[in-house]
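Trainee: Before the terms used for this structure are accepted, I should like to see how each one is justified.
Mentor: Then let us set each value against its criterion.

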Amino acid sequence: MTSDSDSRFSGFYRRTIEERIGVAATAAGMDPGELATSLAQGGLDAARADKIVENVLGTYALPFAVAVHVVMNGRPRLAPMVVEEPSVVAAVSAAARLVAQGGGFTAEADDPVMIAQVQVLDIADPVAAASTIERAKDEILSAVDASIPGMVKRGGGARGLEVRTLAGDMIAVHLLIDCRDAMGANLLNTAAERVGPRVAELAGGRLGLRILSNLAVHRRVRVRCAVPARALSAGGLDGVAVADAVEAASRFAEVDPFRATTHNKGIMNGIDPVVIATGNDWRAVEAGAHAFASLQGTYRPLATWRRTGSGVDSAHLQGSLELPMALGVVGGTSGVHPAARAAMKLAQVTGASDLAMLAGCVGLASNLAALKALGTEGIQRGHMSLHARSVAISVGASGDEVEAVAREISAAKVVNAGAASDALARLRSARAAKGDG
Ligand code: MEV
């Protein structure tokens, strides 16, 4: 995709699905026909689903969308998003457009190093056990590499070892393993199971669990952006006031775990849909994100915002986000789910770290959109008009009836099934009377 993508995507939401597929596929250098086929039936038929999990009865589709206007490290990107919540995709696109006015997102990712834990119990002298294991580090790490030769060939493998003395007679040995483009769960578990018995023997204790940790502290993404205040003017407020409102919202989350939880939910509104679209394990990302948010002993926001400078022409709203992001682009569901493969192509993903950074950008955009709305007009107005469409569909509206019913119930500020049914009935009888129903 080139930097003129902005104009190609303006008014994207007003196009038909077929037109959007054409524009998005072309921008990503894909064949539109291939994209349409990959997404048909949610990208997964029951026969294929039956090979992925057990006791399959069918499949369950969710909307597959793309967020537009995302610029990451100077390059325009499409962000595939699978999500059921109205307004999330629109909000991310709108916020990304503001961020693009400040040059876009700057993102970086750590090396993809994950932790596999080996628990050893019933240790008489945990301090002595820890130093014995540390002395045997080279032997243990060689055994890790020997257990995952394919990964070592691809440039990954053992990177380090940490011993953590836990309650009383228990230690946890962390094997640090570079998983390259894989999420790594299987590799980590294989390595931990392989070297676990030797670790327990060295520690003089009983072997316990051997499993990855989803608190992937060594595999973080960091995303920053600086939105010019002049881009933020909204609802009669000047851009500096909007920047201040977003900063005040951030400060609320920084001192209150109740608010931080909802603040982080807004971030995950952006991240999870990218993780799901690309066939990754969103429970792992969620678990890691919230544990990371609590790491300092209190639950903290994963992204924060500050206004810098003064005056609408020189002030900026600066945002930064950091969290663990264990994503893979090889193996797992991404290899067997046609829509997940299409998502990777649409996003022009070059590797696991690249995808992790993109998910981070979408998370920061989602957070900005939420704080900007909450700090100014509130979220209900925008949210309700989209919700109104779902309510209209739920009472049987179809085609252009959906917009007409949604408009009427939103304008009346009564967005519920009863009002939608009445509006639909009125619309149909008016059309029948005119002879165009
Ligand atoms: C709703 O899904 C997400 C928000 O509550 C996030 C936030 O409050 O920051 C709007």
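**Ligand shell, helix H9 and Glu-401**

Mentor: In this predicted model, helix H11 (257-277) and helix H14 (352-375) each supply at least two residues of the shell around the ligand. The largest share, six residues, comes from H11.

Trainee: What makes a residue part of the shell around the ligand?

Mentor: The criterion is a heavy atom within 4 Å of the ligand. The residues that surround the ligand are Glu-85, Arg-259, Thr-262, His-263, Lys-265, Gly-266, Asn-269, Ala-370, Leu-371, Leu-374 and Ile-379. By class, four of them are nonpolar, four polar and three charged.

Trainee: Why is the approach of Arg-259 to the ligand called a polar contact?

Mentor: A polar side-chain atom of Arg-259 lies 2.7 Å from a ligand oxygen. The limit for a pair of N or O atoms is 3.5 Å, so the pair qualifies. For Lys-265, a side-chain N or O atom is likewise 2.7 Å from an oxygen atom of the ligand. For Asn-269 the corresponding distance is 2.9 Å. The protein covers 84% of the 300 Å² of accessible area that the ligand has on its own.

Trainee: Where does helix H9 bend, and by what angle?

Mentor: Helix H9 (residues 185-203) bends by about 45° at Gly-196. A proline, Pro-197, follows within four residues. Just after H9, Gly-204 takes a positive phi of about 70°.

Trainee: Which elements do the buried residues of H9 pack against?

Mentor: They pack against strands E4 (113-121), E6 (171-178) and E7 (206-213), and against helices H6 (126-135), H7 (137-147) and H8 (149-153). Among the buried residues of H9 are Leu-187, Leu-188, Ala-191, Val-195 and Val-199. Gly-196, the site of the bend, is also buried.

Trainee: Why is Glu-401 called buried?

Mentor: Glu-401 has 11% relative accessibility. Buried means under 20%, so Glu-401 counts as buried. Its place is in helix H16 (residues 401-411).

Trainee: How do you know that the side chains of Glu-401 and Arg-428 are joined by a polar contact?

Mentor: The distance between them is 2.9 Å, and the limit is 3.5 Å, so the term applies. The side chain of Glu-401 also reaches the backbone nitrogen of Ser-398 at 3.0 Å.

Trainee: Which residues does Glu-401 touch, not counting those up to four places away in sequence?

Mentor: Glu-401 touches Gly-396, Leu-424, Leu-427, Arg-428 and Arg-431. Arg-428 thus appears both in this list and as the partner in the side-chain polar contact.

Key:
Residues are numbered from 1 along each chain as its sequence is written. This is a predicted model: local features need pLDDT of at least 70, side-chain atom pairs count only at pLDDT 80 or more; totals for chains, interfaces and linings use all residues. Side-chain values use heavy atoms; hydrogens and water are left out. A polar contact is a pair of N or O atoms within 3.5 Å; within protein, one must be able to donate a hydrogen and the other to accept it, and residues adjacent in sequence count only if both atoms are side-chain atoms. Accessible areas come from the Shrake-Rupley method with a 1.4 Å probe; for residues, only the protein chains shown count as cover. Ala, Val, Leu, Ile, Met, Phe, Trp, Tyr, Cys and Pro count as nonpolar, Asp, Glu, Lys and Arg as charged, and the others, Gly among them, as polar. The bend at a residue is the angle between axes fitted to the seven residues ending there and the seven starting there. Buried means under 20% relative accessible area, exposed over 50%, partly exposed in between (1.4 Å probe, protein chains only). Contact means heavy atoms within 4.5 Å.
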